[in-house]
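Me: I've got a model open and a few things I'd like to ask about it. Mind going through them with me?

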Amino acid sequence: QLQLVESGGDLVQPGGSLRLSCAASGFTLDYYTIGWFRQAPGKEREAVSCISGSDDTTVYADSVKGRFTISRDNAKNTVYLQMNSLKPEDIGVYYCAADMSLIVQAMCKFPYANHDYWGKGTLVTVSS
């Protein structure tokens, strides 16, 4: 079955860290542009970070720059989102998506696009 599966979401205190994983099964992530998106309750989905499939160029939302790091391990067919200094406003369901056709800058501009693959999400809660 061709799918993306996110994991790593949890309840964490403000200032804490989490590492989310986006694992592909049934296909390889090589050359796919990968994006992490999040949707908080009652809010629109937004792009968090994206990484190129060709040269590992990365893009970050202003709200997470300096705190989040996206990376990929093609040998493990997985993309990661390391999240540090978490804030209550980081709460939400985090989704990853893969797209063979979009460059990284475009990937992060379309949080609702019909990308090639979408995961079902993992919940991040930041609360004391």
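**Strands and buried polar side chains**

Reply: Sure. This is a predicted model, and a good place to begin is strand 3 (residues 18-25) with strand 8 (residues 78-83): the two pair in the antiparallel sense over six bridges.

Me: Which residue in strand 8 stands opposite L18?

Reply: Stay with that antiparallel pair, strand 3 and strand 8. L18 falls within strand 3, residues 18-25. Its opposite number in strand 8 is M83.

Me: In what order do the four strands of the open sheet run?

Reply: The edges are strand 1 (3-7) and strand 7 (68-73), each of which pairs on one side only. From one strand to the next, the twist averages 15 degrees. The pairing is antiparallel, and the order is 1-3-8-7.

Me: Is E6 buried or exposed?

Reply: E6 is found in strand 1. Among the residues it touches are W36, Y94, Y95 and K120. The cut-off for buried is under 20% relative accessible area. E6 comes in at 8%, so it counts as buried.

Me: Which backbone nitrogens does the side chain of E6 reach?

Reply: Start with C96, which is 90 residues from E6 in sequence yet 6.9 Å away in space, C-alpha to C-alpha. The E6 side chain gets to the backbone nitrogen of C96 at 2.9 Å. It also gets to a second one at 2.8 Å, the backbone nitrogen of G121. That gives you C96 and G121.

Me: Which residue has its backbone oxygen 2.9 Å from a polar atom of the S49 side chain?

Reply: S49 lies in strand 5 (residues 46-51). With a relative accessible area of 0%, S49 is buried. The residues it touches include W36, Y60, L81 and C108, and V59 is on that list too. The backbone oxygen at 2.9 Å from the serine's side chain belongs to V59.

Me: What does the side chain of S52 make a polar contact with?

Reply: S52 sits in the loop between strand 5 and strand 6 (58-60). Its relative accessible area is 6%, and since buried means under 20%, S52 is buried. Leaving out residues up to four places away in sequence, S52 touches Y32, T33, T57, R72 and V104. The polar contact of its side chain, at 3.0 Å, is with the side chain of S54.

Methods:
Residues numbered from 1 in each chain as written. Predicted model: local features only at pLDDT ≥ 70, side-chain atom pairs only at ≥ 80, totals over all residues. Heavy atoms only, no water. Buried < 20%, exposed > 50% of the residue type's maximum accessible area, 1.4 Å probe, protein only. Polar contact = N/O pair within 3.5 Å; in protein donor to acceptor, adjacent residues only side chain to side chain. Contact = heavy atoms within 4.5 Å. Pairing = 2+ DSSP bridges. Axes fitted to C-alpha atoms, helices over the stretch in contact; angles between N-to-C directions.
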